[in-house]
Amino acid sequence: MNSPFENPVRPPLPPLLQGASNFRDVGGYPTAGGQRVRRQQVFRSDHLAGLTEADMARLQTLGVSHSLDFRGQAECAATPYAIAGIERVALSIEPTVIARMQSLVAQGVVPTTEETVELMCETYRDFVNRNADTYGRFMKHLLEQPTPQVFHCTAGKDRTGFAAALLLSALGVERRIILDDYLLTNQLYKRDVRLEGTGHPHVMKVLWQVQPEFLQAAFEAVDTQHGGMQDYLHGAIGLCHQELAELQRMLLED
């Protein structure tokens, strides 16, 4: 079975899974060095609690052995899942943007669209600076378990979006292509009001979509505070040169 995306700008094909709207293959993208990310090795998704029996069978057919779950404790408790043959690995990153928003609402403050965008940008800077250990564990797990894996959070857009950007960066994919992949969430993710909670429409629209500014804020933090992606991978993320080379060997093809 082919990847749902043959190139970064191709419109999405019908979903691979019925119960996970933002599930897709990270593979298929070209690198700056002329190679290509292997297909059917690493997948990204929104949460997996709504999978059908056919979906679970499809994951088994794909050979997926691990699901790397970035959701926080309350999210996992609200939408738990267990899939036969797939080991769930908790890589918890609590959704701090929700806590910040609740704090503002408690003070009687309704953020503007611009303020909400900046709040999201700050969340992405936190991914870079406060959650590097967790993202380092994510990268190490991909190395230690060289079998098809899926990583996800609730919507598969922010914590998952940065994880995908980090992985594709480590593999040598150009940022413009990474941004194209990131923005596909706005086409693929089906919003679920049961998971979103309540809030002012202009605020919720920002919180439950992705914008280029969000990921660019993370890249800017990597560049200005960590000396660029290579230094970030070797420093805060904790990959030595040999580990990075092995990851590339595993996940790239000519």
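## A walk through the sheet and its cores

Of the contacts in this chain with a separation of 6 or more, 71% are between residues 24 or more positions apart. Keep in mind that you are looking at a predicted model.

**Stop 1: the whole chain.** Show everything as a cartoon. You should find 13 helices and seven strands. The chain has 254 residues, and 51% of them are buried. Switch on the surface if you like: about 11400 Å² is exposed, with carbon and sulfur atoms supplying 51% of that area.

**Stop 2: the sheet.** Now pick out the strands. Five of them make an open sheet with mixed pairing, and the order across it is β1-β3-β6-β4-β5. Select 24-25 for β1 and 87-90 for β5; these are the edge strands, and each one pairs on one side only. What holds neighbouring strands of a sheet together? Strands pair through backbone hydrogen bonds, in either a parallel or an antiparallel way.

**Stop 3: strand β6.** Select residues 149-152. This strand runs parallel to β4 (residues 66-69), and four bridges join the two. Click L68 and look across to β6: its bridge partner there is F151. Then turn to the other neighbour, β3, which also pairs with β6 in the parallel sense, over four bridges. Here F43 stands opposite V150 in β6.

Show the side chains of β6 next. Which residues point which way? Q149 and F151 go one way, V150 and H152 go the other, and all are buried. That fits a general pattern: in a regular strand, side chains alternate between the two faces of the sheet.

**Stop 4: the big core.** Nonpolar side chains in soluble globular proteins tend to be buried together. To see a case of this, select F138, M139 and L167, the residues with the most contacts inside the largest nonpolar core, which has 67 residues. Add helix α6 to your selection, since you'll want it in view: α6 gives the most to this core, with eight residues.

Zoom in on F138. What does F138 touch? Leaving out residues up to four places away in sequence, the list is L68, F70, L91, F151, A163 and L167. You've already met L68 and F151 as bridge partners.

**Stop 5: a separate core.** Finish by selecting L16, A20, L59 and I86. They are among the 14 residues of a second core, separate from the largest one.

Notes. Residues numbered from 1 in each chain as written. Predicted model: local features only at pLDDT ≥ 70, side-chain atom pairs only at ≥ 80, totals over all residues. Heavy atoms only, no water. Pairing = 2+ DSSP bridges. Buried < 20%, exposed > 50% of the residue type's maximum accessible area, 1.4 Å probe, protein only. Core = buried A, V, L, I, M, F, W, Y, C linked by side-chain atoms within 4.5 Å. Contact = heavy atoms within 4.5 Å. Areas by Shrake-Rupley, 256 points an atom, 1.4 Å probe, with all protein chains shown as cover.
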